[in-house]
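Me: I would like to go through this model term by term, asking in each case what earns a label its place. Please set each value against its definition before concluding.

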Amino acid sequence: MNFAAQLFYSSYLSDRLERLYSPRPAIKDCEENDPFWQREELRLGPGQPCDTYKGGLVSNGTAGRRPTLIEPERLKDFGEEELLNGDVKVHDTKVVGGPEIMLMDPPKTRRFSEFRAVSRPPVQYLRFEDISAAAFRIQSGIQKTPCTYSRLSKQYGMEIYLKKEHLHYTGSVKERGVLYLLTSLTQEKQRKGVIVATDCNFSMAVAHHAVELKVPVFVIMPSCCSSPRLRIYRDYGAMVISYGSTAHDSQNHARHLAKENGYLYLEEDESAEYLAGLGTVGMEIFEQVSRLDAVVVPAAGQYGLLAGTAAAIKHLNTQILVIGVEPEGFPLLLQSLKTDSPIKDMHSNPNKKLYGDLMERSLGVNTFQLAKKLVDKVISVSERDALVAMLRFQEFERSTVDTEGAMGLAAILAGQLPELRGKKVAVVVSSANMELELVRQCVDRALVLDDRVSKFSVQLGEWPGDMAKLLDVLSREDVRLLDVCHRRHSDKSDLFKAKVECVVETRDKTQSAQLRKTLSERYPSLCWLDR
């Protein structure tokens with residue numbers, strides 16, 4: 001190291017030691033409060049008066065810096081020195097302030113009226129969560145009905161699965177809704193009891209499950225109610241009271257007793273609990289039949305079964321079709337959909353023996369909205385199709401159902417659902433409550449409508465053996481003779497002639513057509529009669 005360098009280094013070292021061990025003055029307010037420079041081993045003596053930046057204090061956070069002695073270790077941050085031929089070359093370093101930070105403008109204040117009001121979605125009347133809760137609640141009191149493959153599938157070109165809800169204890173699907181409705185009542189209402197006043201599937205379900213839950217139940221029936229039906233209510237354990245000559249009289253008396261004694265008057269309505277209980281049918285169908293394409297549901301009474309089943313099915317799979325079927329003589333839902341509002345009263349004259357229980361019902365607003373939103377198609381079936389469907393149940397399924405329970409299958413038999421050919425379809429069989437005498441009459445009528453029972457008349461001579469020849473023809477055609485009537489006429493034109501009327505039963509339409517052809521060729525006086 002040359003002489004100049006040694007002189008420079010010795011003066012620098014002495015100056016540093018002098019400042020390092022000299023007393024420290026107080027820091028002025030304008031001095032920079034930097035923790036790096038306040039360290040004990042880096043403090044180089046009293047600071048210089050606070051100098052500002054050449055252009056003044058820097059805005060947006062850039063503070064002015066005071067000049068201070070730089071440590072050798074920090075020299076590389078500001079420049080470096082090089083030894084060239086004994087001379088010192090110093091690189092000048094220019095201090096540049098930090099980048100200016102631009103503050104954003106404060107957000108504009110908006111008036112409350114400028115905000116757009118966002119409407120909340122309406123609360124659903126029947127949610128899938130309600131149906132799931134109902135299924136959990138009633139699982140101990142309601143059996144899980146089978147959904148079996150039908151023997152009629154090949155005959156009608158589709159896979160038909162019958163959901164046999166008629167196998168419940170009271171023979172009706174309405175047990176599901178009634179049980180969940182009764183278990184949802186408060187203990188005070190259960191203690192006082194319930195009362196019903198209509199002879200229908202709903203009332204029988206209330207009588208049975210109220211007794212099972214130890215809830216007092218009273219049944220008010222008119223005097224026109226048949227003795228076998230009254231005995232059913234008594235066997236369930238209900239208190240049966242006969243009052244009035246019409247259903248209207250018994251209902252008014254039941255409302256009076258409910259108001260006077262604190263009973264809860266129950267009638268089939270569209271309460272959320274009742275619909276949720278009926279909706280459990282859809283959950284079971286979806287679980288029992290895989291890759292389902294459509295569900296056919298009877299849409300009668302309060303239409304709660306259709307609405308509840310549709311709510312469950314559409315939540316689980318929106319691609320499954322839900323089809324409602326109602327009687328042709330009382331198409332309440334079809335007319336309501338045409339007018340876009342539920343119809344309260346409908347002037348029609350259906351068969352009261354077959355649909356008397358359905359005629360007293362109405363379509364509620366909530367049920368109508370659910371059906372309008374979730375049901376894909378609604379069709380009506382004739383009385384003839386419903387009776388023939390009852391006959392098919394007895395022949396192929398060994399089951400006796402009523403007209404309401406047979407309406408789903410009747411729609412398929414009538415050919416009103418051609419879009420379902422080759423697909424997997426579930427049909428709900430809702431009920432099987434019909435008096436024995438009425439069942440017999442329906443079966444007899446169905447045989448006639450299905451061209452299975454025929455009646456004809458023919459004129460025979462009074463010669464011995466003519467009657468035997470006719471019976472021989474019927475025997476060779478393998479038909480069953482149900483009735484025969486031999487009449488003699490006294491008029492001159494029919495002298496020595498006798499009129500014979502026969503009622504025969506055939507296996508199917510093919511055999512019936514063959515019989516007509518054979519008799520027409522043999523007896524020119526043949527005349528087929530309407531029954």
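Reply: Let us begin with Asp385, which touches Ala410 and Ala414 when residues up to four places away in sequence are not counted; a contact here means heavy atoms within 4.5 Å. Asp385 has its place in helix H15, where helices are DSSP runs of H or I with at least four residues and strands are runs of E with at least two, numbered from the N terminus. This is a predicted model, in which local features need pLDDT of at least 70 and side-chain atom pairs count only at pLDDT 80 or more, whereas totals for chains, interfaces and linings use all residues. Residues are numbered from 1 along each chain as its sequence is written, and side-chain values use heavy atoms, with hydrogens and water left out.

Me: Why is Asp385 called buried?

Reply: Buried means under 20% relative accessible area, exposed means over 50%, and partly exposed lies in between, with a 1.4 Å probe and protein chains only. The relative accessible area of Asp385 is 15%, and therefore Asp385 is buried.

Me: How do you know how far the predictor trusts the protein, and which stretches have pLDDT below 50?

Reply: The pLDDT is the predictor's confidence in each residue, on a scale from 0 to 100. Its mean for the protein is 82, and 73% of the residues reach 70 or more. Over residues 41–70, however, the pLDDT is below 50, although this stretch has 48 contacts in the model beyond near neighbours in sequence. Residues 78–86 also stay under 50, and the model has 15 contacts for them beyond four places in sequence. Where pLDDT is low, the predicted coordinates should not be read in detail.

Me: What makes Glu165 and Arg176 a salt bridge?

Reply: The definition asks for a side-chain nitrogen of Lys or Arg within 4 Å of a carboxyl oxygen of Asp or Glu. For Glu165 and Arg176 the N to O value is 2.8 Å, and the pair meets in a salt bridge. Glu165 lies in the loop between E4 and H5 and Arg176 in helix H5, so the pair links distant parts of the chain, 11 residues apart. Glu165, with a relative accessible area of 0%, is buried, and Arg176, at 1%, is likewise counted as buried. A search of the whole structure finds 25 salt bridges.

Me: What makes helix H5 mostly covered?

Reply: Of the 10 residues in helix H5 (residues 174–183), 9 are buried, among them Lys174, Arg176 and Tyr180. What covers these buried residues includes helix H3 (128–138), strand E4 (159–164) and helix H10 (272–288).

Me: How do you know that Arg392 and Asp450 also form a salt bridge, and are they buried or exposed?

Reply: Their side chains meet at 3.1 Å, N to O, in a salt bridge. Arg392 belongs to helix H15 (residues 383–397) and Asp450 to the loop between helix H17 (436–449) and E13, 58 residues apart. Arg392 counts as buried at 10% relative accessibility, and Asp450 does so at 6%.

Me: Why is the sheet with strand E13 called open, and which strands are its edges?

Reply: Two strands pair if DSSP finds at least two bridges between them. The 4 strands form an open sheet in the order E14-E15-E13-E16, with antiparallel pairing, and the edge strands, E14 (480–488) and E16 (527–529), each pair on one side only. Between strand E13 (residues 453–461) and strand E15 (residues 497–505) there are 9 bridges, and Val458 has Val500 in E15 as its bridge partner.

Me: What makes Glu505 and Arg480 a salt bridge, and how do their exposures compare with the cut-offs?

Reply: The N to O value of 3.4 Å places these side chains in a salt bridge. Glu505 lies in strand E15 and Arg480 in strand E14, so the pair ties together parts that are 25 residues apart in sequence. Glu505, at 18%, is buried, whereas Arg480, at 54%, counts as exposed.

Me: How many disulfides are there by the rule?

Reply: A disulfide is a pair of cysteine sulfur atoms within 2.5 Å, and by this rule the count comes to 0. As for exposure, Cys200 is buried with a relative accessible area of 1%, while Cys527 counts as partly exposed at 34%.
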